[in-house]
Each structure stands twice: as C-alpha cells, then as structure tokens.
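Here's a quick briefing to read with the model open in your viewer. Have the sequence handy too, and go through the topics in order.

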Amino acid sequence: MNWLRQHFFALADAFSHLLRSPGNFVLNVLVVSIALALPFAGLTVLENVRPVSEQLAVEPEISIFLKMDVSRDKATALSTTINGILQSSGSTAKVEFTPREKAFDSLKSKTGLNDVLATLGSNPLPDSYVLKLSGFQNAMDASRVDDIAQKLKAMPGVDTVQIDSAWVKRLAALLRILRLVLLFLGVTLGAVVVAVVFNTIRLQVMTQYEEIEVSRLLGATNAFIHRPFYYTGALLGLCAGGLALVLVVLSLQPLNMAITDFARLYASEFRLAPPSIQAIAFLLGASALLGLLGAMLSVKQHLSRLA
C-alpha cells in the first residue's frame, strides 16, 4: 500500500505540474506526435501489404530450351529426368513438351512475320519444355525455383533455362527493403522523441530547482524526487503516441479513396485497415517507454549536477 501511495502521489504531482503550463505540454505533444506519426503510418501500410504478399499465388513457369543438335528421341526422353528432378525437390509440375515445328508455326501465327521467317530457310527454334510448377504457396517460396532451375540446366542437351518468377522475388526483396527503411526511420525518430522529452524534463528540473532543494532538506529520497519526472515523460510519450495514431487513422480515409480507384483497375477490393488492438497497444507502450527513457536520462544527468 505504501508503494502504491508513493506512485499515486508521483502521478498526481506530474499532472499538477502539467496543468500549470498546459501550453508547453500541448506543444511538446504535437512535436513528438509528428515524429511518431511517420513510422506508425509506415508500419500500418506494411501490416496491410504483408498478408496480401504472402497470399499471392506463386505458380512460376520454367522454360527449358534444348540444343539444336539434340535428336527428337533424346529430347522426349528427357521428360523422365525432369520428373525425377521435380520429385527429388518435393515439387509437382505440369510438364509440356513443345516440338520445334509447333513452336515455329505458333510464332508465325502470332507475329504475322511469315515472309520474314520464310527467308530464314530453316527453323531456328529448338525443342523445348514448359514446366508449370505448383505447390508454391507464397512469394517467400520463390527461391526454391532457382534450385530446380540449376538442376534442370545441368541435364545433358539443355541449352537455356528461363524462369518467369523474377517479379515475385523482386516483390519479396522490396518488402524486405521497406522493413529495413522503416526500422531505420523508427530508430531515428525514436531518438528525436527521446531528445524532445529530455529537453522538456531538463527545463522542468530547472524551474523546480528550489522545490527539489526543499524536498531534500526535508529528507526526501532521490527516488521520491525523480518519480514525478518519470511519470511526466511517460505521459508525454503516451499522449503523443495517441495523437499520432489518431492522425494515422484519419489519413486512411483519403488514402483508401485513392487506393480503391486504383485497385478496381485490377479487379481488387484492397483497402488499408486501421491498426489492430494489439498494434495500438504496442505503439502506445513504445511511445510511453520512449518518453520514460528520455525522462530518466534527463533526470539522471541534471539532478546529479544539482546535488
């Protein structure tokens, strides 16, 4: 009970000092909330994009082009080797063999370059296989395709192996870069929050110097003196985090209007959802901890000088 009474007194003391200069407190909250709003917004966008990227259907195709001197019998016999490679890698695929004659006729019908192709004198296209892979649940599995492609390229008679899943790997790489950028941004702006709270508490310590001295003469311990400043920093961070979240949620409405128009072009209903309850609790807790950290650093430095 005594411990609770001391903390309740410190919290009440912190509120009383804030009410004495509400203008400064509101201004500091605005500054800190602006610093917190950007990483909060980035985290909200990433959390909305992550499920979409993980649910992307990844069914890449691998095209295998054989050498021109490979006979038709050897070319068709490669299907057995291809199926064995797929089974050993734990993957399944629809394997289609395309004779060079069929590929040449398809090229002529699709391009309309009959006269140009006729001047070549012979069919320049090789026999080929097309593997339509399945069993890849999300974009993070795309790296498995590279292992399969390397094994296919090592088969005798294979000239070139092409993969059409490069866009999937680019998307996964882009999301990793965005996470790193968000982490760097969060650390940088977190340092700004700590610096703002540090300076705010420093000014408060200087204005309460005489009150602190009287408290020490009356036998107040350092913990008793420091505790109200800790609560002030935590309250500053908590209020700034709440305001930052409000700004992020309010900005989702105009963003969703633009995103909806864009998503309709791709027959999608994608919208940015507000942060979840867990995310809100985490962000508010992080904001309060940053404020507490700034207050602790400031109190430790400046009250030790006044001692």
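S63 has V130 in β3 as its bridge partner. Keep in mind that you're looking at a predicted model. The bullets below start from that bridge and work outwards to the sheet, the aromatic rings and the cores.

**The sheet**
- Strand β1 (residues 61–66) and β3 run antiparallel, and five bridges hook them up.
- Zooming out, you get an open sheet of four strands in the order β2-β3-β1-β4, with antiparallel pairing.
- At the edges you'll find β2 and β4 (158–163); each has a single partner strand, so one side of each has no neighbour in the sheet.
- From one strand to the next, the twist averages 20 degrees.
- Helix α3 (residues 72–88) packs on this sheet and touches β1, β2 and β3. The direction of α3 makes about 20 degrees with that of β3.

**The aromatic pair**
- How many aromatic pairs does the structure hold? Just one.
- Its members are F97 and Y129, with ring centres 4.9 Å apart and planes at 55 degrees. Edge-to-face needs over 60 degrees and stacked needs under 30, so this pair goes down as tilted.
- F97 sits in strand β2 (residues 92–98) and Y129 in strand β3 (residues 128–134), so the pair ties together parts 32 residues apart in sequence.
- Is Y129 buried or exposed? Y129 has 2% relative accessibility, so it counts as buried.
- F97, on the other hand, is partly exposed, with a relative accessible area of 25%.

**The nonpolar cores**
- The largest nonpolar core has 26 residues, and those with the most contacts inside it are V32, L36, F40, V193, V197, I201 and F229.
- Which helices each supply at least two residues of this core? They are α1 (2–20), α2 (22–54), α7 (166–207), α9 (222–264) and α10 (277–306).
- Helix α9 gives the largest share of this core, at eight residues.
- Take F40 as an example: skipping residues up to four places away in sequence, F40 touches G241, A244, L245, V248, L283 and S287.
- Apart from the largest core lies another one, of 19 residues, with A75, L131, L152 and M155 among them.

**A polar residue to check: N28**
- N28 lies in helix α2.
- The relative accessibility of N28 is 18%, and the cut-off for buried is under 20%, so N28 counts as buried.
- Leaving out neighbours within four places in sequence, N28 is in contact with V196, T200 and L236.

Conventions. Residues numbered from 1 in each chain as written. Predicted model: local features only at pLDDT ≥ 70, side-chain atom pairs only at ≥ 80, totals over all residues. Heavy atoms only, no water. Core = buried A, V, L, I, M, F, W, Y, C linked by side-chain atoms within 4.5 Å. Buried < 20%, exposed > 50% of the residue type's maximum accessible area, 1.4 Å probe, protein only. Contact = heavy atoms within 4.5 Å. Phe/Tyr/Trp six-rings, centres within 6.5 Å; stacked < 30°, edge-to-face > 60°. Pairing = 2+ DSSP bridges. Axes fitted to C-alpha atoms, helices over the stretch in contact; angles between N-to-C directions.
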